[in-house]
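Visitor: Could you take me through this structure and show me how its features are to be read?

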Amino acid sequence: MTDQNLAIVVLAAGQGTRMKSATPKLLHPLGGIPIVGHVLATARELDAARVVAVVRHERDRLAAVISEDLPEAVIVDQDEVPGTGRAVEQAVAALPEGFAGDVLVVNGDVPLLDAATLRELVAAHRAGGAAATILSSFPADATGYGRIVRTPEGHLDRIVEHKDATEDERAIGEINAGIYAFGAAALRDMLANVTTDNAQGEKYITDVIGLLREAGFDVDALPVSESWLVEGINDRAQLSEAAARLNALVVRTWQLAGVTVQDPATTWIDVKVTLEPDVTILPGTQLRGATAVRTGATIGPDTTLLDTEVGAGATVTRTDATLAVIGDGATVGPFAYLRPGTVLGENGKIGTFTETKNAVIGAGTKLAHFNYVGDAEVGEKGNLGAGVITANYDGVNKHRTIIGSHVRISTNTVLVAPVRMGDGAYTGAGTVVRKDVPAGALAITVAPQRNIEGWVAEKRPGTEAARAAEQSGAAQESGE
């Protein structure tokens with residue numbers, strides 16, 4: 001049910017220069033979705049009456065992602081006045097004039113903060129009756145962070161920045177996590193009094209806390225259970241750390257849901273992946289995007305699947321697959337490459353050093369090794385021998401190859417598209433198929449074998465091969 005008394009402000013206007021990237025910080029991928037996508041997903045879980053996202057740097061790119069992930073969000077452009085205080089001020093101005101509920105302020109670069117923690121913050125804020133309640137944490141190293149100074153009664157007295165803190169204040173381990181719950185009325189009043197009178201010339205949201213205290217309001221701080229929940233991402237090192245933490249949470253979630261993950265340290269699972277119970281994931285496996293794996297399947301080792309569907313009981317070993325569908329009981333790999341548009345039917349096989357692309361392969365059909373099948377349709381219960389290739393490109397256009405059911409294609413056959421092979425047809429080894437093959441026919445293009453006696457001795461005299469041939473001939477003449 002929608003919480004009509006809650007509005008969420010997502011701060012997404014920062015430039016993120018420490019990422020040293022042409023990609024906006026909040027659009028860097030984490031667990032298969034942008035950093036800001038995690039924050040938006042959490043906002044969606046809270047089901048607030050209003051969500052306002054404040055953007056500025058690369059605003060069009062960010063706004064597009066925000067609108068796609070959370071269409072109901074209101075996009076607000078931060079103006080020339082810098083600072084978090086100004087961003088919140090503009091967000092509050094975008095709320096309905098009569099909104100008198102609570103305003104939850106979150107940062108777009110804190111992706112691991114979950115909905116349960118934010119619900120606890122909102123509940124504590126409402127129960128305590130404070131004008132503002134902030135999240136705090138106890139990191140292993142508080143250097144550089146604003147310290148939480150409490151009153152003798154345990155309420156928040158003030159936030160002291162590290163550079164301004166005394167030695168006693170720097171010894172405090174509790175820091176400001178930068179996540180706030182405000183009463184809307186008090187927030188509006190105090191924002192009007194926030195100035196840019198500081199060294200950076202910015203409006204800071206932390207100044208609202210000081211103004212509330214000066215006005216006699218109570219302000220509380222709620223410590224989080226784990227400091228990593230509120231850690232922001234500012235550079236590539238922190239992005240990597242967050243990715244490892246998130247992945248560990250995702251892997252554990254699937255383990256508790258009945259999935260065997262043999263080596264969590266080398267297994268990476270994106271947040272949109274879905275797995276059924278009794279799936280087994282072996283070491284070195286990456287499941288990315290919207291990959292889905294059904295019960296009883298075994299994936300890995302050393303396998304990467306992107307947006308790929310794997311059927312029940314299938315086995316996928318040392319394989320790279322993108323936008324592919326692997327049927328129930330099918331076998332893929334090792335060292336197979338499934339490109340977009342590959343559909344492998346039930347109990348089919350794509351084997352060693354085989355590449356497929358835009359190919360539909362029927363149930364029970366086998367491509368066991370060293371094949372390339374692209375832009376093709378292959379029927380049921382066929383067999384493509386080693387080295388079979390569909391030559392789909394004429395230098396200008398791609399063409400399709402159609403292969404019927406129960407077809408047997410011998411080794412080193414090349415099918416030059418566009419071409420069709422009827423049901424039950426065969427080819428001889430080394431055949432080049434350039435025209436359609438009727439059902440039940442045998443296609444061969446092999447010329448009769450001709451042996452030229454003495455060719456090596458004549459054309460390659462003095463070589464090891466020539467000497468070996470001469471010795472073999474002498475042995476045969478002597479009857480040895």
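Guide: We can start from a side-chain pair: the side chain of Thr133 makes a polar contact with the side chain of His125 at 2.9 Å, a polar contact being a pair of N or O atoms within 3.5 Å, of which, within protein, one must be able to donate a hydrogen and the other to accept it, while residues adjacent in sequence count only if both atoms are side-chain atoms. This is a predicted model, in which local features need pLDDT of at least 70 and side-chain atom pairs count only at pLDDT 80 or more, whereas totals for chains, interfaces and linings use all residues. Residues are numbered from 1 along each chain as its sequence is written, and side-chain values use heavy atoms, with hydrogens and water left out.

Visitor: Is Thr133 buried or exposed?

Guide: Buried means under 20% relative accessible area, exposed over 50%, and partly exposed in between, with a 1.4 Å probe and protein chains only. Thr133 counts as buried because its relative accessibility is 2%.

Visitor: Where is Thr133 placed, and with which residues is Thr133 in contact, leaving aside neighbours within four places in sequence?

Guide: Strands (E, at least two residues) are DSSP runs numbered from the N terminus, and Thr133 belongs to strand β7, residues 132-137. With contact meaning heavy atoms within 4.5 Å, the partners of Thr133 beyond those neighbours include His125, Tyr180 and Asp220.

Visitor: In which sense do β27 and β29 pair?

Guide: Two strands pair if DSSP finds at least two bridges between them; β27 and β29 (residues 366-369) do so in the parallel sense over 3 bridges, with Ile350 opposite Leu367 in β29.

Notes:
Helix = DSSP H or I, 4+ residues; strand = E, 2+ residues; numbered from the N terminus.
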